[in-house]
Amino acid sequence: MKLEKRYDRNKIFSRTQQEELSEKKAAVIGCGGLGGYAAELLARAGVGYIVVCDGDVFDETNLNRQLLCTEAMLGKNKAEAAAERIKEVNSEVEAEAVCCNLTAENAGEILAGCEVVIDALDSVKGKLMLQKVCRQQEISMIHGAISGWFGQVTTIFPGNDTLSLVYGEGAEVSQEYGNPSFTPAMTASVQVSEALKVMLGMDALLMRKLLFIDLLTNDFQIVEV
């Protein structure tokens, strides 16, 4: 990898680690509130290959919080927008747009070669399906969810069915409070931090731990799962 001044401020990573990131492949599943931020942060960190997957298009309700959604982008596929933004941010990164929703049937092809997956889906059913396919593919998954002032993050290694313990089989993400602009930004930042540590083989992960973020009271708690 050609190291230019682009990465001069990434001083938390050694030169070797920065080069390692340039050879890694990550996926962002869902390119809305969480996923838009996650895709950009991964690109700015220098992850070499990023798959962005979403079958949805932007509408006016996305303008309040989704980083990639502008008035000019209304009606555009979210994965396409994410891939374009990645290339604008870092031309050294290979961005692959998958303009459909991930399913149990297409997951193998979409996630092939990925070392880590960012869960930016907005339904519990989808999240549990993603956990299952990541286990089958032996890929680590960084879960994130948001609602109003609140967010949560956990890191799931293959075989650790953390979400099954968190959600059970019948729960659903609450839409009561909607989502402002700052909650996905905070939560996605933690997800990307975890993803980078996974790709670099670092410790101090949120494995078997659930981080609860309460931005109303500025309370952060880690619960063993």
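**Notebook: sheet, helices and two residues**

I began with the sheet: eight strands form an open sheet in the order β3-β2-β1-β4-β5-β6-β7-β8, and the pairing is mixed. I looked next at the edges, where β3 (94-98) and β8 (219-224) each have a single partner strand, so one side of each has no neighbour in the sheet. From one strand to the next, I noted a twist that averages 15 degrees. I am working from a predicted model, and I keep that in mind for every entry.

**Entry: one strand pair**

I picked β5 and β6 for a look at pairing. Strand β5 covers residues 140-147 and strand β6 covers residues 150-156; they pair in the antiparallel sense, over seven bridges. Which residue of β6 is the bridge partner of I142? I found T155 there.

**Entry: helices on the sheet**

I then went through the helices that lie across strands. Helix α2, residues 33-45, lies across β1 (25-29), β2 (49-53), β4 (116-119) and β5. Its direction is at about 165 degrees to β1; I call that roughly antiparallel, because the angle is over 145. Helix α5, residues 124-137, lies across β1, β4, β5 and β6. I noted that α5 runs at about 170 degrees to β5, which is again over 145 and therefore counts as roughly antiparallel.

**Entry: α2 against α3**

I checked how α2 meets helix α3 (residues 78-89): their axes come within 9 Å and cross at roughly 25 degrees. That angle makes the two helices, α2 and α3, roughly parallel. I recorded the crossing of α2 past α3 as right-handed. On the α2 side, the contact is made by A39, E40, A43 and R44, and on the α3 side by A82, R85, I86 and V89. Sorting the residues of this contact, I get five nonpolar, three charged and no polar.

**Entry: T162**

I looked up T162, which lies in helix α6 (residues 162-167). Is T162 buried or exposed? Its relative accessibility is 4%, so I count T162 as buried. Leaving out residues up to four places away in sequence, I find that T162 touches Q131, T154, I156 and V225. Of these, Q131 falls within the residue range of α5, and T154 and I156 fall within that of β6.

**Entry: D122**

Last, I turned to D122, in the loop between β4 and α5. D122 has a relative accessible area of 63%, so I list D122 as exposed. I also checked D122 against G32: the two are 90 residues apart along the chain, and 8.9 Å separates their C-alpha atoms.

Notes:
Residues numbered from 1 in each chain as written. Predicted model: local features only at pLDDT ≥ 70, side-chain atom pairs only at ≥ 80, totals over all residues. Heavy atoms only, no water. Pairing = 2+ DSSP bridges. Helix = DSSP H or I, 4+ residues; strand = E, 2+ residues; numbered from the N terminus. Axes fitted to C-alpha atoms, helices over the stretch in contact; angles between N-to-C directions. Contact = heavy atoms within 4.5 Å. Parallel < 35°, antiparallel > 145°, perpendicular 65-115°, else oblique. Left-handed = near helix turned anticlockwise from the far one by under 90°. Nonpolar A, V, L, I, M, F, W, Y, C, P; charged D, E, K, R; others polar. Buried < 20%, exposed > 50% of the residue type's maximum accessible area, 1.4 Å probe, protein only.
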